Each structure stands twice: as structure tokens, then as C-alpha cells.
Amino acid sequence: MAMQKNQFGKKGWTPELMADQTGKTFVITGTTSGTGFEAARILLSKGAKVIMLNRNPKKAEETIARLKAQVGINIPVKAIQMDLGSQKSVKEAAAEVIENTNKIDALICNAAIAQVPKRQLTENGWESQMGVNYFGHFTLQGLLFPLLEKSKGRIVTVGSLGYDMGLKTIKFNDLNWENDYTPNDAYSQSKLAQIMTIYELQNKLKHSGNTNVKAYACHPGSSRTSLISTSGSLLMRIIFGIMKLSPLTQPAENGAYPSLLCATEPYLDQERFYGPTGRNNWVGPVGAHPIKPHAKNKNVAEKLWKLSEEETGIKWNI
């Protein structure tokens with residue numbers, strides 16, 4: 001297959017190509033470390049206002065101190081407490097976001113848990129990775145949608161190459177893995193669900209003639225973040241620890257580029273998938289690259305959307 005030309009040239013997209021973001025407001029989930037921290041730092045350094053949504057208020061405070069030390073003491077950054085694993089918490093946080101800003105230029109859904117060794121359920125009764133990564137963000141996106149629409153804003157979902165692992169579909173007959181739970185399959189399903197819903201949202205927007213909101217799916221490639229080390233099993237941590245030393249991973253900062261590209265770049269094709277375009281799409285210049293057909297399976301995506309509205313009680317006003 002011929003390599004597609006990167007629209008951003010040989011080096012791919014980097015923050016040097018990002019226009020000044022003064023006057024813009026970004027909401028980011030999961031900013032206390034890794035790609036979320038880097039995304040917040042880079043947007044603030046370009047003059048943007050950032051609202052951070054994190055589970056741990058103490059870590060969020062430390063993050064603000066780090067950002068002020070690195071970017072400047074007067075940066076417009078605000079932290080709002082939100083636990084994606086609790087629908088109640090997500091609803092409260094969304095209300096607080098709406099109170100604190102009259103516009104959102106982009107919502108970056110970056111937070112995730114991965115490789116949870118033993119099956120756990122959220123307080124709403126969902127398998128934890130599906131509950132946090134998928135249902136938490138589904139509700140947040142739905143509740144912020146009216147403000148995003150008013151702002152002609154964007155929804156950016158940070159997926160994962162994990163979408164192409166595991167079952168490669170949604171396990172509707174056992175969504176919460178009462179049978180055959182494996183950390184990897186459950187994580188992969190949550191990431192596939194996140195990505196699928198972005199493309200399904202595009203379909204719904206197109207169908208209703210709504211051009212005010214744009215939706216993008218991206219992934220960070222293989223980045224050196226704390227994701228696996230915080231929730232993974234010992235074996236996964238050891239494997240990833242070794243991988244971090246190899247040329248097959250890149251710094252967390254590079255892992256933030258795809259989400260920043262999708263949040264700020266004016267001319268992008270929503271139907272593409274954005275991430276590193278080098279070896280296995282793990283590393284390399286950032287741009288658009290192909291996505292496997294199972295991520296855009298219309299029947300599965302429609303069924304998932306309907307189920308998600310029923311499970312969360314959130315009806316999108318598209």
C-alpha cells in the first residue's frame with residue numbers, strides 16, 4: 001500500500017504549526033500526567049484558557065503549580081474535580097464547566113484507565129474500563145454538546161491502537177465481562193467504543209445537517225506515559241518498562257500532538273484517524289492514517305449509541 005502523503009509535510013504536525021490560541025477555551029480530561037499534561041501545557045503556552053477535569057483534586061493542584069512554573073504565573077487555568085467512573089460526578093462537573101465558561105472551542109477526552117488486572121465495576125455497575133473510558137466520556141460529551149454547538153466547537157476523542165486488538169467488536173451479550181474477562185480485551189473494547197461513537201456522531205451530525213460541531217478521533221501512538229504503570233498488572237508494567245527503553249516509543253509530549261492537532265487545526269478531514277504515521281503507527285510524524293473498517297461498522301455503532309443513551313439516560317440533542 002502506497003504511503004499517503006502527510007498534509008503537514010515530512011515532519012508531520014507539530015505545535016510549531018499551531019496558531020495563537022488566545023481567546024480560546026479548551027476542556028481536557030486527565031491532565032495530571034502524560035499526554036493530558038502536555039496538551040494542557042502546550043495550549044496554555046499558546047495563550048489558550050484551559051479547564052482541567054481530574055479525579056484527584058490534590059494532584060490537580062500540583063499540576064497547576066507545575067504548569068505555572070513552566071508556562072507562566074498568570075496562565076488562565078482552572079481545575080474541576082470529576083470522576084469519570086461516577087455518572088453523578090460527571091454530571092456535576094459538566095454543570096460546573098457550563099457555569100465557568102460561555103464557550104468551549106474543544107473538549108479533549110483524554111483520560112483513561114488501562115489494563116485493570118481484575119474485573120471491577122464502577123458505581124453505576126459497568127466494567128471499569130468501559131465505565132470510565134467510554135460511558136463517562138459519552139455522558140460528558142452529551143452534556144457539553146449544547147455549549148459546544150453554540151461555540152462551533154470540537155469533540156476530540158483520544159482513542160488507542162487497542163481498538164484493533166481484542167474482539168474488534170462490542171460484546172453486547174456480555175458488556176461487563178461477567179465471562180472471559182481479560183484486562184486487554186476489556187480495555188480494547190472501551191477504546192473501540194470511544195472511537196466508534198465519534199464516527200457515529202459524525203454520521204448523526206451529517207444526517208441532521210449540523211455543521212456546528214466537529215468530531216475527531218485520534219490516538220497517541222506508543223507514548224511513555226504512566227497509564228500502564230498506574231493501572232496495569234505487574235507483567236504489563238515490566239513489558240512496558242522494557243519497551244520504554246526501545247525506539248518503538250516516543251516521549252509523552254509527542255503523544256499529545258494528535259489530540260492538539262484535532263483540537264486546533266482548521267482544515268482536517270473528520271473521517272480520518274489521526275496519530276503517528278511511522279512504524280505500526282506507534283511513532284513517527286503525526287498526521288492522518290487509515291482506520292480498520294470494524295471501527296466504522298454502522299450496525300454495531302448505531303446499536304452502541306442507542307444502548308449508551310439507555311444506559312446513561314443521556315439523550316443528545318442533535
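Let's start inside the protein: Ile 170 touches Leu 175, Gln 189, Leu 192, Ala 193, Met 196, Val 300 and Leu 304, leaving out residues up to four places away in sequence. Contact here means heavy atoms within 4.5 Å. This is a predicted model, in which local features need pLDDT of at least 70 and side-chain atom pairs count only at pLDDT 80 or more, while totals for chains, interfaces and linings use all residues. Residues are numbered from 1 along each chain as its sequence is written, and side-chain values use heavy atoms, with hydrogens and water left out.

## The nonpolar cores

Ile 170 belongs to the largest nonpolar core, which has 53 residues. A nonpolar core is a set of buried Ala, Val, Leu, Ile, Met, Phe, Trp, Tyr and Cys residues joined through side-chain atoms within 4.5 Å. Buried means under 20% relative accessible area, exposed means over 50%, and partly exposed lies in between (1.4 Å probe, protein chains only).

Which members touch the most other members of this core? They are Leu 53, Val 97, Leu 140, Leu 144, Ile 170, Ile 195 and Trp 316. At least two core residues each come from strand 2 (49-54), helix 3 (87-100), strand 4 (106-109), helix 4 (128-150), helix 5 (183-207), strand 6 (214-218) and helix 9 (298-312). Helix 4 gives the largest share, 10 residues. There is also a second, separate core of 34 residues, with Leu 44, Val 50, Val 158 and Ala 263 among its members.

The helices and strands are DSSP runs numbered from the N terminus, with helices being H or I of at least four residues and strands being E of at least two.

## The chain as a whole

The chain has nine helices and eight strands. Its radius of gyration is 18 Å, close to the 20 Å that the globule rule gives for 318 residues, so the chain is as compact as a globular protein of that length. The radius is taken over C-alpha atoms, and the rule is 2.2 Å times the number of residues to the power 0.38. Along the principal axes, the C-alpha atoms fill a box of roughly 50 × 45 × 40 Å. Of the 318 residues, 55% count as buried. Among contacts with a separation of 6 or more, 76% are between residues 24 or more positions apart.

## The cavity

How many cavities of 30 Å³ or more does the count give? The count comes to one. A cavity is a set of points, on a 1 Å grid over the protein atoms alone, where a 1.4 Å probe fits but cannot get out, and lining residues have an atom within 4 Å of a point. Grid points are joined across faces, edges and corners, and the volume is the space filled by probe spheres set on the points.

The largest cavity holds about 50 Å³ of space. Its lining consists of Asn 133, Tyr 134, His 137, Phe 138, Gln 141, Thr 157, Gln 194, Thr 197 and Ile 198. Helix 4 and helix 5 each supply at least two of the lining residues, and helix 4 has the largest share with five. By class, the lining has three nonpolar, six polar and no charged residues. In this scheme Ala, Val, Leu, Ile, Met, Phe, Trp, Tyr, Cys and Pro are nonpolar, Asp, Glu, Lys and Arg are charged, and the others, Gly among them, are polar.

## A few residues to look at

Here are four residues with their accessibility.

| Residue | Element | Relative accessibility |
|---|---|---|
| Trp 305 | helix 9 | 3%, buried |
| Lys 78 | strand 3 | 31%, partly exposed |
| Thr 63 | helix 2 | 1%, buried |
| Gly 131 | helix 4 | 1%, buried |

For the contacts below, residues up to four places away in sequence are again left out. Trp 305 touches two cavity-lining residues, Phe 138 and Thr 197, together with Glu 200, Leu 201, Lys 204, Trp 316 and Ile 318. Lys 78 is in contact with Val 50, Ile 51, Met 52, Ile 64 and Asn 100. Thr 63 meets Thr 31, Thr 32, Phe 37 and Met 52. Gly 131 touches Leu 84, Thr 122, Trp 126 and Gly 136.

Finally, two backbone angles are worth a look. Trp 177, in the loop between strand 5 (154-158) and helix 5, has a positive phi near 55° without being a glycine, and Trp 177 is buried at 2% relative accessibility. Asn 281, also not a glycine, has a positive phi of about 60°, and Asn 281 sits in the loop between strand 7 (273-276) and strand 8 (286-289).

How values were computed
On a 1 Å grid over the protein atoms alone, a cavity is a set of points where a 1.4 Å probe fits but cannot get out, and a pocket is an open set with protein on both sides within 12 Å along at least five of seven lines; lining residues have an atom within 4 Å of a point.
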